[in-house]
Amino acid sequence: MTDLLLGVDVGGTKTHACLSTTHGEVIGFGVAGGGNWESVGLDAVREVLATAVDACFIDVPAFPSDIVAATFSMAGMDWPSDEARLRTCTQTLGIGGQVSIVNDSFGALRAGITQSFGLVNNAGTGGVTAGRNRAGRVFRTMAEGWGEGNGSSGLVTAAAHEMALAHHGQVPPTALTLEFQRLSGYSTALGMFEAMARGGWELGSQHAPIVLDLAGQGDPAAIRATVSVAEQHARDVIGVARVLDMLDDEAEVVLAGSVHAHANPVWTNAFTAVLSASFPGATLVPLDAPPVIGSVLLAADSLGIQDSGLKAELKAGMSRIEPTRPLAAVLGHP
């Protein structure tokens, strides 16, 4: 078996690898742990990649040398200097063809768009926005939380500010304070804030659904927190579109990440209102395929493969594949 494509999506908590033929037939799938080198180190990234890719070849009469193109969409591939260090991790896999390494936002972008161009806004634990224009030029935000929305983390930070404003008497009391006091176990707001300041309790990104739910219930402070972060995410899309000369274009904007998936109307309405005012040709498209499929499609793109049915074939293959056996192999990997 020859002429294989490999796509790998490397996230902060998990890694997925998908092996397919150039016609889109999925023949292997692998799962491993998080592989952001900034968190786990390069040696761990090498192990994670080997685990995920090895799992793709269980019961497959082929070898990594049969791969003609591979794309690794990697969290932590943030700066130009990162490519060289991450390439040392992919070079040990024995891949026979060309290897591309991109930020993981571009895998999500490719998985979501139906054309060769578009944008993606990811509002997950953090946030990042990326785009590709008709000419193939790409641009993305830095994903550092500077000058851009920060997803769930941004929501809880905004909520903390709102609770502090209420404690300082600058805005009316908010249900956010009562809910987070209940959750943290502190009987007073001051006690809760002391614990947050001194490391006794952390208000983390996992608490973002509480902010969204209270916004949906009409709490003014939760609404302000939600709207402020949603509007910033919309401005991120506008900014990337401006850099890529796409504001006058008609383009898909892929919505990725847990906050968009929550489908909170306060968030969605604020995001849509700001975006449509400056980017009227934008069409919002929920991410409908695993980002690892986008990585496979990027590998196909690098070979000039133009097959309008490739994404559908990959999605169908991913829905049929039984991940439990490769996952068992992953868990048993030394």
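## Thr-226 inside helix H9

In this predicted model, the side chain of Thr-226 comes to 2.9 Å from the backbone oxygen of Ala-222, and Thr-226 itself has its place in helix H9, which covers residues 220–243. Is Thr-226 buried or exposed? Its relative accessible area is 0%, and Thr-226 is therefore counted as buried, the limit for that class being under 20%.

Once the neighbours within four places in sequence are set aside, the residues in contact with Thr-226 are Leu-155, Val-211, Leu-212, Ala-215, Asn-264, Val-266 and Trp-267. Val-211, Leu-212 and Ala-215 from this list also appear among the buried residues of helix H8.

## Helix H8 and what covers it

The buried residues of H8 are Ala-208, Ile-210, Val-211, Leu-212, Leu-214 and Ala-215. Which elements are included in the cover over these buried residues? Among them are H5, H6 and H9, together with helix H10 (258–262) and helix H11 (265–278).

Just after H8 comes Gly-218, whose phi is positive, at about 100°.

## Ser-184 and the aromatic pair

Ser-184 has its place in helix H6, which is made up of residues 175–184, and with a relative accessibility of 14% Ser-184 counts as buried. The side chain of Ser-184 reaches two backbone oxygens, that of Phe-180 at 2.8 Å and that of Gln-181 at 3.3 Å. If residues up to four places away in sequence are not counted, Ser-184 touches Met-192 and Trp-201.

Phe-180 and Trp-201, both named above, also meet each other through their rings. A search of the whole structure finds 1 aromatic pair, and Phe-180 and Trp-201 form it in a tilted arrangement, with 6.4 Å from centre to centre and 50° between the planes. Because Phe-180 lies in helix H6 while Trp-201 lies in the loop between helix H7 (189–198) and helix H8 (208–216), the pair ties together parts that are 21 residues apart in sequence. Both Phe-180 and Trp-201 are buried.

## A nonpolar patch on the surface

On the surface, Trp-79, Met-142 and Trp-146 form a nonpolar patch, and together these residues have about 350 Å² of accessible area. Met-142 lies in the loop that runs between strand S8 (138–140) and helix H5 (151–167). Why can Met-142 count as partly exposed? Its relative accessibility is 35%, which falls between the limit of under 20% for buried residues and that of over 50% for exposed ones, so Met-142 is placed in the class in between.

## Positive phi outside glycine

Most residues other than glycine have a negative phi. Against that background, two residues deserve a look when the backbone is inspected: Ala-143 has a positive phi near 60°, and Asp-59, likewise a residue other than glycine, has a positive phi near 60°.

Ala-143 has its place in the loop between S8 and H5, the loop in which Met-142 of the nonpolar patch also lies, and at 34% relative accessibility Ala-143 counts as partly exposed. Asp-59, by contrast, is found in the loop between helix H2 (42–56) and strand S4 (67–74), and with a relative accessible area of 60% Asp-59 is exposed.

Key:
Residues numbered from 1 in each chain as written. Predicted model: local features only at pLDDT ≥ 70, side-chain atom pairs only at ≥ 80, totals over all residues. Heavy atoms only, no water. Patch = residues over 30% accessible without salt bridge, like charges linked within 9 Å, V, L, I, M, F, W, Y side chains within 5 Å. Areas by Shrake-Rupley, 256 points an atom, 1.4 Å probe, with all protein chains shown as cover. Salt bridge = Lys/Arg side-chain N within 4 Å of Asp/Glu carboxyl O. Helix = DSSP H or I, 4+ residues; strand = E, 2+ residues; numbered from the N terminus. Buried < 20%, exposed > 50% of the residue type's maximum accessible area, 1.4 Å probe, protein only. Polar contact = N/O pair within 3.5 Å; in protein donor to acceptor, adjacent residues only side chain to side chain. Contact = heavy atoms within 4.5 Å. Phe/Tyr/Trp six-rings, centres within 6.5 Å; stacked < 30°, edge-to-face > 60°.
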